[in-house]
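Q: I'm new to this structure and would like a close look at one part of it. Could you walk me through the side of one chain that touches its neighbour, and then what surrounds it?

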Amino acid sequence: MSMDPAEVEFLAEKTMVTVVPNFNQDKIYLIGGEIGPFSPSLPVDVPLWMALNLKQRQKCRIQPPEWMDVEALEEVKQKETDDKFFTAMPSNHYMEITQLLMKYAPEDIPRADQIRTLIKDIWDLRNAKLRSSIDVFVRSDVTHAKLNHLTPMEINTARPFLTRALDQMHMLRTNTQTGLKQTQE
Amino acid sequence: MADLTEELEDESSEEGESMTAAEVLQKLEEAWLNEKFSPDLLEIKNDIVDCMLEQIKEMEENIRRAKKGDFRVGIHKMEIDRIRYFISSYLRTRLQKIEKYTAHVLEQEKARGSDETPQMSPDEYTFAKEYSENMENHFKVLALRHMPPNLQALDPKHTVMRPNLDSYVFLRVNEDTAGVLVEEETAEAGEEVIDLEKGDQLIIRYRPVATLVESGAVGLI
Amino acid sequence: MTTSCSNYMSIDDIISTNERIPCKFQVQVQRLGFLDSSSDTDHIQPNTKLELPFWLATALCNRRRHIVAVDMPKQYKEGYREILTADANVVDLHKLGPYYYTFGSHLLCFELPETPDIAKSLLQTFQSRLRKIMDASQNAYYEDTTNLTAKLDEMERDLFKCGQQGLRDFQRWETRASEQLKTSEMVINHRKRKRAVMEETS
């Protein structure tokens, strides 16, 4: 079964972000937990889907997450370049959150263009790394692999190719094993 | 508006511990992901679905009672839409599998003991049975009855579609699990056993981890 | 597509079992002489060589019956296996195929002495060609891809498509193209059909 990137984004919208509201409101009791209370100019944590909704109704300003900062991302990029393995991302949904905030709240993100470029660079770096490790994985005779720190959107993009390739390879490998058994009989 | 985060009794847990609505919602999300990515049909999580539907119903009652222009209504409606999406996508994914592997899932349900929890909900079971009968009838009317007498039956041994349990899945480990048998011993290599560490992510064949998905020790991603 | 979960209704499965394989009759077969177009006898004589489709060959050559002896098609024999070992990436597998892997896997059931080597060759060929297929599928967004897939066998083409799908879905999401609603093809076709019907009747 496959998943649409929009569904991965849907999952990302659960992430908590900080907003600065411009209204008064007691706590809201959602099924997923309580949110608030809200007072003008007092930062409060809400799920991203709610933040985007409030933003569209001009009821808040969204504070970019700490990691969404040019210096911090340059460091992440450097680490990703230097390290042979996948490094831990500051957010498991860095790509989706960036996309959503750039679209719905660009004026709340300082140096948005630079951030957009950095995120894209990091994504590309990790994707190239993923392709090399897939090649190594496939040529070796191991049957499973650890993929720590790979984010859901990265997994989802690689999924159709990678799972199909390994399924086909498993079939071809099973062939060689039954072949061996037959000659031994 | 009423406080809806009251503790809910979770019937499925053996220790009888209670769960908050937020925790049940989390379980629903996990069930949705597992169902989406596992090649086989998993056990229906009826209690989770029912509990969430109940929550939605109560919330909608509250919305109806809310004053006109209440700021919170839009937010609540949005959350309900999100939960509805999980539920319907979850059930729809299951229906797709039931349609694809009808004979197989019916066979499996039959093989389960009466003391075991069923794999399908009663509605799903009815659907599977009717779907199977309709397909059989359709084949008969359309083609089989025009065949020579010795070719008028389909041999289930060849025609039944089964999920490929050896297909690869991505998973995240929720609980440390030692001694998972990944590869049976073969002529050229010994068996392969691995330890799963909480937080690890792996790509691996579904078969060796199937029971861990069902128990929740790992979750598909 | 895989043999481990072959699908009765799969057209690929049906086509791949229709590939031909060299057979030699071990016994006389009554009244089937017409199968051999090069002879006009009524019966097939022992030692007659014919190319039979795989599904027929398996019925005539298995553990219970030995009406024919099978030989491996040349593209699975040692000569071709050596070429694949040397550099699998330059080989036009579609020309040798088009179901090179699937048909090759089917052939293993005859349990000939070279079976283990064929199985190994299939796996190694797949492993060494994968990187190129992956890279090609990731670098061709909207171009015509026929030249990229020309030398791939059907299983590899399927894989190429999977790679493209992952990329294309992500790209659509990234450019927010998935948010723009389009009339589905079905509806458009339906309208066309309706118009055609109306024009016919008017």
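A: Here is a walk through that contact, followed by a sheet in one partner and an outline of the other. Keep in mind that this is a predicted model.

Let's start where chains A and C meet. Chain A brings 29 residues to the contact, and chain C brings 31. On the chain A side, three helices each supply at least two residues: H1 (5-12), H5 (112-139) and H6 (152-184). The biggest giver there is H6(A), with 20 residues. Sort the chain A side by class and you get 12 nonpolar residues, nine polar ones and eight charged ones.

Now for the sheet in chain A. It's an open one, built from three strands in the order E4-E1-E5, with antiparallel pairing. The edges are strand E4 (44-47) and strand E5 (60-63), each of which pairs on one side only. From one strand to the next, the twist averages 45 degrees. Zoom in on strand E1 (residues 16-21) of chain A, and you'll see four bridges linking it to E5(A), again in the antiparallel sense. Across that pairing, A:Val19 stands opposite A:Ile62 in E5(A).

Finally, over to the partner, chain C. It has nine helices and three strands, and reading along its sequence gives the pattern α-β-β-α-β-α-α-α-α-α-α-α. Chain C has 202 residues, and 29% of them count as buried. Take the contacts in chain C between residues at least 6 apart in sequence: 62% of those join residues at least 24 apart.

Key. Residues numbered from 1 in each chain as written. Chains lettered and ligands numbered in written order. Predicted model: local features only at pLDDT ≥ 70, side-chain atom pairs only at ≥ 80, totals over all residues. Pairing = 2+ DSSP bridges. Axes fitted to C-alpha atoms, helices over the stretch in contact; angles between N-to-C directions. Contact = placed C-beta atoms within 7 Å. Nonpolar A, V, L, I, M, F, W, Y, C, P; charged D, E, K, R; others polar. Buried ≥ 20, exposed ≤ 12 C-beta atoms within 10 Å, placed from the backbone.
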